[in-house]
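Me: I would like a close look at a single part of this structure, namely the disulfide and its surroundings. Please describe what lies around it and how it is connected to the rest of the chain.

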Amino acid sequence: VQLQASGGGLVQAGGSLSLSCAASGESFSTSVVGWFRQAPGKEREFVAGISRSGAATHYAESVKGRCTISRDNAKNMVYLEIKSLKPEDTAIYYCAQSSYLIRRSDVYRNWGQGTLVTVSS
């Protein structure tokens, strides 16, 4: 499976953005999918994750209440909507798949190319 994140761009603080993660090669409906981000000079951090069915979700404290992760297994897609964007949300956002709905990036695989989100103040 190859994952590709898209939907990034330049947005003003307070705005919102919807990111998409598309899977190709085979279905990833049997996998947990997580979103991570990496800001310049910082380590990659967990943003949100969603279970195989979509029934369970998990968010980082930094985005809780501003972020919604969802998936459409029929379309092999996972989405991340972020509202009330802040300059500190500026980062490259990546999606990846895992067998576990946890924050640790080392259990995720098939990292695709990320998509850049830039939030201007």
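**The disulfide and its surroundings**

Reply: In this predicted model, asparagine 76 offers a way into the region, since leaving aside residues up to four places away in sequence, asparagine 76 touches Cys21, Ala22, Ala23, Glu26, Ser27 and Phe28. Asparagine 76 is placed in the loop between β7 (67-72) and β8 (77-82), and with a relative accessible area of 15% this residue is buried.

One of these contacts, cysteine 21, belongs to the disulfide. A search of the whole structure finds one disulfide, and this bond joins cysteine 21 to cysteine 95, with an S to S distance of 2.2 Å. The two partners come from distant parts of the chain: cysteine 21 lies in strand β3 and cysteine 95 in strand β9, 74 residues apart. The torsion about the S-S bond is about 80°, so the disulfide is right-handed. Both ends are buried: cysteine 21 has a relative accessible area of 0%, and cysteine 95 has a relative accessibility of 1%.

Cysteine 67 is also buried, at 6% relative accessibility. Its closest cysteine sulfur is that of cysteine 95, at 13 Å, which is too far for a bond.

The strand that carries cysteine 21 belongs to an open sheet of four strands in the order β1-β3-β8-β7, with antiparallel pairing. β1 and β7 stand at the edges, each with a single partner strand, so one side of each has no neighbour in the sheet. From one strand to the next, the twist averages 15°. Antiparallel pairing between β1 and β3 extends over five bridges, and cysteine 21 in β3 is the bridge partner of alanine 5.

Valine 78 also reaches cysteine 21. Not counting residues up to four places away in sequence, the contacts of valine 78 include Cys21, Leu19, Phe28, Trp35, Ile50 and Ile69. The largest nonpolar core has 33 residues, and Trp35, Val47, Ile69, Val78, Leu80 and Tyr93 touch the most other members. Elements giving two or more residues to this core include β3 (17-24) and β9 (91-98), the strands in which cysteine 21 and cysteine 95 lie. In soluble globular proteins, nonpolar side chains tend to be buried together.

Conventions: Residues are numbered from 1 along each chain as its sequence is written. This is a predicted model: local features need pLDDT of at least 70, side-chain atom pairs count only at pLDDT 80 or more; totals for chains, interfaces and linings use all residues. Side-chain values use heavy atoms; hydrogens and water are left out. Buried means under 20% relative accessible area, exposed over 50%, partly exposed in between (1.4 Å probe, protein chains only). Contact means heavy atoms within 4.5 Å. A nonpolar core is a set of buried Ala, Val, Leu, Ile, Met, Phe, Trp, Tyr and Cys residues joined through side-chain atoms within 4.5 Å. Two strands pair if DSSP finds at least two bridges between them. Axes are lines fitted to C-alpha atoms, for helices over the stretch in contact, and angles run from 0 to 180 degrees between N-to-C directions. A disulfide is a pair of cysteine sulfur atoms within 2.5 Å.
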